[in-house]
Amino acid sequence: MNITSYDTLACFKSNVYAIQVDDFLAAFASVSHDALQKADCHASNEQLLQQTDNLAYMPETTEFCQFICQAGWNILKDQGYAMENYSLGVQNLWCQKHSKYSGHDQHVHGFGSQLSGFYFLQTPVDGCRIVLHDPRPAKVY
């Protein structure tokens, strides 16, 4: 038997959505700078990672959180969910500052989180690239 063609089915596709919006850079940079001054530092200088407390409920981040919710609502609607009956909220919003060898390990978010995202405030010209892991495994051991 000679196989000349076949169908390719994308049965387990995971979408990644990207939106480039600069509208919140100035305001969020100010809030995150102040919050990072109070943040805990972890590891040595070259592996330094600073992470703020939750910024989701600050008045200064309200518009940004509204933007996040609207983007998430649109994404879920486009995926076929009946979003007319739902509204979204931001559970947590942090700012992290990474140094030369710091990183962000693969992890899952609990408490019913459906979408996760990030907003880059500043990146070096020749900085590292983002690595995304398959979000479908139920539990990473």
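**Exercise 1. Aromatic pairs**

How many aromatic pairs does the structure hold, and how is the pair of F64 and Y119 classed?

Solution. The structure holds 5 aromatic pairs. Rings of Phe, Tyr and Trp (its six-membered ring) pair if their centres lie within 6.5 Å; planes under 30 degrees apart count as stacked, over 60 as edge-to-face, and the rest as tilted. The centres of the F64 and Y119 rings are 4.8 Å apart and the planes stand at 50 degrees, so this pair is tilted.

The next step is to place the two residues in the chain. F64 belongs to helix 2 (residues 62-78), while Y119 belongs to the segment after strand 3 (96-98). The pair links distant parts of the chain, 55 residues apart. Helices (H or I, at least four residues) and strands (E, at least two) are DSSP runs, numbered from the N terminus.

The model is predicted: local features need pLDDT of at least 70, side-chain atom pairs count only at pLDDT 80 or more, and totals for chains, interfaces and linings use all residues. Residues are numbered from 1 along each chain as its sequence is written, and side-chain values use heavy atoms, with hydrogens and water left out.

**Exercise 2. Exposure of the paired rings**

State whether F64 and Y119 are buried, partly exposed or exposed, then do the pair of F118 and F120.

Solution. Buried means under 20% relative accessible area, exposed over 50%, and partly exposed in between (1.4 Å probe, protein chains only). F64 has a relative accessible area of 6%, so F64 is buried. Y119 has 22%, so Y119 is partly exposed. F118 and F120 form an edge-to-face pair, with 5.3 Å from centre to centre and 65 degrees between the planes. F118 is exposed at 54%, and F120 is exposed at 52%.

Which residues do ring pairs link into a cluster? They are F24, F28, F64, F67 and Y119.

**Exercise 3. A nonpolar patch**

Name the residues of the nonpolar surface patch of about 550 Å² and place I130.

Solution. V16, F118, F120, I130 and L132 make the patch. Patches are made of residues with over 30% relative accessible area and no salt bridge: like charges are joined within 9 Å, nonpolar side chains (Val, Leu, Ile, Met, Phe, Trp, Tyr) within 5 Å. A salt bridge is a side-chain nitrogen of Lys or Arg within 4 Å of a carboxyl oxygen of Asp or Glu. Accessible areas come from the Shrake-Rupley method with a 1.4 Å probe; for residues, only the protein chains shown count as cover. I130 lies in the segment after strand 3 and has 46% relative accessibility, so I130 counts as partly exposed.

**Exercise 4. Cysteines**

How many disulfides does a search of the whole structure find?

Solution. The search finds 0 disulfides (pairs of cysteine sulfur atoms within 2.5 Å). C65 is in no disulfide: the nearest cysteine sulfur, that of C69, is 6.7 Å away. C65 counts as buried at 8% relative accessibility, and C95 is buried at 6%.

**Exercise 5. Two glutamines**

Place Q50 and Q37, and state whether each is buried or exposed.

Solution. Q50 lies in strand 2 (residues 49-51) and is buried at 11% relative accessibility. A polar atom of the Q50 side chain lies 3.2 Å from the backbone oxygen of L36. Q37 lies in helix 1 (residues 25-38) and is exposed at 59%. From C-alpha to C-alpha, Q37 and Q51 are 9.9 Å apart in space, and they are 14 residues apart in sequence.

Key:
Polar contact = N/O pair within 3.5 Å; in protein donor to acceptor, adjacent residues only side chain to side chain.
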